[in-house]
Amino acid sequence: MSTMPIAIENRRVESTTNRLHIAHYLFLLYWMMKPFYFGPSGNMQLADFIFVLAFVMWIFVHKGNVLVDRREFPLAMFLLLILVINGIYFFITFDNSFLLTSAYYTYCFMIVLVVRDFMQNKRFLRGLMWTSAFNLIIQMVVLLLGLGRFMWRGLRFMGTFNDPNQFAFSMFSSFLLVFILSSYMKEEEKSRKKLLVLSAFLFAAYFIVQGGSTGMLLGVGAFALVFMLTIIYSERTPAFQFLKILAIITIVAIVALIAVQGINVAQVDGSASSSSFLIFRLLQKINLVESGGVNSLFEDRAITRIFNFPIYLIFGSGEGAHTRFPDRGFEVHSTFPGIFFYYGIIPFLILCFWIYGNLKNASRILVPVYLALLVESLTLAHQRQPTFWMIILLGSLPYANPKKLRRYRMVVSP
């Protein structure tokens, strides 16, 4: 019986060729089709079948070798422990959700392997950047044509997705990919794509409002705040002092708008707009904390499960059969605390080691990206989203001057 060879690679020098082969094109097609959900969430979509084909062609192009970079060893060990822990709980409970969760992680690991190899090709990275931007444009076209899906009395826009939070995360992560890749292109090619980044940010922020996602609003707000601080730190001029004042005025205006809106939870009806509905959801969260403290917010996200059953932080609870726990009955809606609880301290530390390996030499201009991703992921579970892993992986791109901040200037033409 023949076996598939696995090639272990060291950190390779980036390839000088920009030639794309069929696996590259199939992956970009997969990324373009990823936002289109033709069946229930959690099932294989058309895009997933395209990726499987891309993965097979990737192996074929490399003559049957599965290329595994040494930097993926920690992630491979993390995946192995996931399979073991979920497998044990499956044989205890015979609940298929443990097997399904393991399949999601395996799928994401396959994507990491492929993208790690493709990252050597600048033409592919450029294609990935433009495809991510194209995904934002497509959703805007869908919205303008009235073809998108809605939920909650038509107030939460989902685009071509089945869930408004998944939609909002896809739009936010598409912007983060555009920002990461455009920053890398500027570093490598001295090209300027400021209009592309600004447009992607505005589109993502608009879609987050339309989707009514408070978690994504927290993420985009964190990005904007940290990015503004980066700009102020990179250049100290009177123009940037003006930006500080403008930022304060904007914050005051937003707070005043929320106060004027004064939306009562019981008064939101079908006549409300998406923006007012988002304010309504923000007020819900504020009222939740005011009435029950921070613990009530933890209960809403099922995070209290971690405090109620801390023993699982040692050996893990497995990721499935969430009704075992006498709380909200669904998964922990917080990415890293959830992973810690599901798999215990050793797998969690191994995962942290992999993340550190990817981000330790990341360009300082990417700090807003990863802080925003961290803040936002505290409110939702993203470990099954390929984009989440790709964003972390792209932090290892070889920037020419990773520790040097880009200089931002406001230039007034004569």
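What follows is a conversation between a trainee and a mentor about a predicted model of one protein chain.

Trainee: Before we go into details, what is the chain made of, and how much of it is buried?

Mentor: The predicted chain has 17 helices and four strands. Of its 414 residues, 50% are buried. The chain exposes about 20,000 Å², and carbon and sulfur atoms supply 68% of that area. Among contacts with a separation of 6 or more, 77% join residues that are 24 or more positions apart.

Trainee: What is the confidence of the model, and where does pLDDT stay under 50?

Mentor: The mean pLDDT is 81, and 74% of the residues reach 70 or more. Residues 11-16 stay under 50, and the model gives this stretch 13 contacts beyond four places in sequence. Over residues 258-275 the pLDDT is also below 50, with 26 contacts in the model beyond near neighbours in sequence.

Trainee: Let's turn to a helix pair. Why is α3 called oblique to α14?

Mentor: Helix α3 (residues 73-93) and helix α14 (residues 335-343) pack at an angle of about 55°, with their axes 10 Å apart. Roughly parallel would need an angle under 35 degrees, and roughly perpendicular starts at 65. The angle falls between those limits, so α3 is oblique to α14.

Trainee: Which residues of α3 and α14 meet, and what makes up the contact?

Mentor: From α3 come Phe-78, Ile-82, Ile-85 and Asn-86, and they meet Ile-339, Tyr-342 and Tyr-343 of α14. These divide into six nonpolar, one polar and no charged. Tyr counts as nonpolar here.

Trainee: How do you know that α14 is largely enclosed by the rest of the structure?

Mentor: Seven of its nine residues are buried, so the description follows. Those residues are Thr-335, Phe-336, Gly-338, Ile-339, Phe-341, Tyr-342 and Tyr-343. After α14 comes Gly-344, which has a positive phi near 85°.

Trainee: What makes Tyr-89 a buried residue?

Mentor: Tyr-89 lies in helix α3. Its relative accessible area is 12%, and buried means under 20%, so Tyr-89 qualifies. Leaving aside neighbours within four places in sequence, Tyr-89 is in contact with Phe-94, Phe-98, Tyr-312, Phe-315, Gly-316, Ser-317, Gly-318 and Arg-324. Leu-99 is 10 residues from Tyr-89 in sequence and 9.4 Å away in space, C-alpha to C-alpha.

Trainee: And Ser-102, is that residue buried or exposed, and how do you know?

Mentor: Ser-102 belongs to helix α4 (residues 97-118). With a relative accessible area of 8% against the cut-off of 20%, Ser-102 is therefore buried. Beyond neighbours within four places in sequence, Ser-102 is in contact with Ile-82, Leu-83 and Asn-86. Two of those names may sound familiar: Ile-82 and Asn-86 in α3 also take part in the meeting with α14.

Trainee: Now a contrasting case. Why is Phe-38 called exposed?

Mentor: Its relative accessible area is 57%, and exposed means over 50%, so Phe-38 is exposed. Phe-38 lies in the loop between α1 (22-33) and α2 (46-61).

Trainee: Which residues does Phe-38 touch?

Mentor: Not counting residues up to four places away in sequence, Phe-38 touches Met-33, Gln-45 and Leu-46.

Trainee: How far apart are Phe-38 and Thr-160 in sequence and in space?

Mentor: In sequence they are 122 residues apart, and in space 8.4 Å, C-alpha to C-alpha.

Technical notes:
Residues are numbered from 1 along each chain as its sequence is written. This is a predicted model: local features need pLDDT of at least 70, side-chain atom pairs count only at pLDDT 80 or more; totals for chains, interfaces and linings use all residues. Side-chain values use heavy atoms; hydrogens and water are left out. Helices (H or I, at least four residues) and strands (E, at least two) are DSSP runs, numbered from the N terminus. Buried means under 20% relative accessible area, exposed over 50%, partly exposed in between (1.4 Å probe, protein chains only). Contact means heavy atoms within 4.5 Å. Accessible areas come from the Shrake-Rupley method with a 1.4 Å probe; for residues, only the protein chains shown count as cover. Axes are lines fitted to C-alpha atoms, for helices over the stretch in contact, and angles run from 0 to 180 degrees between N-to-C directions. Angles under 35 degrees count as roughly parallel, over 145 as roughly antiparallel, 65 to 115 as roughly perpendicular and the rest as oblique. pLDDT is the predictor's confidence in each residue, from 0 to 100.
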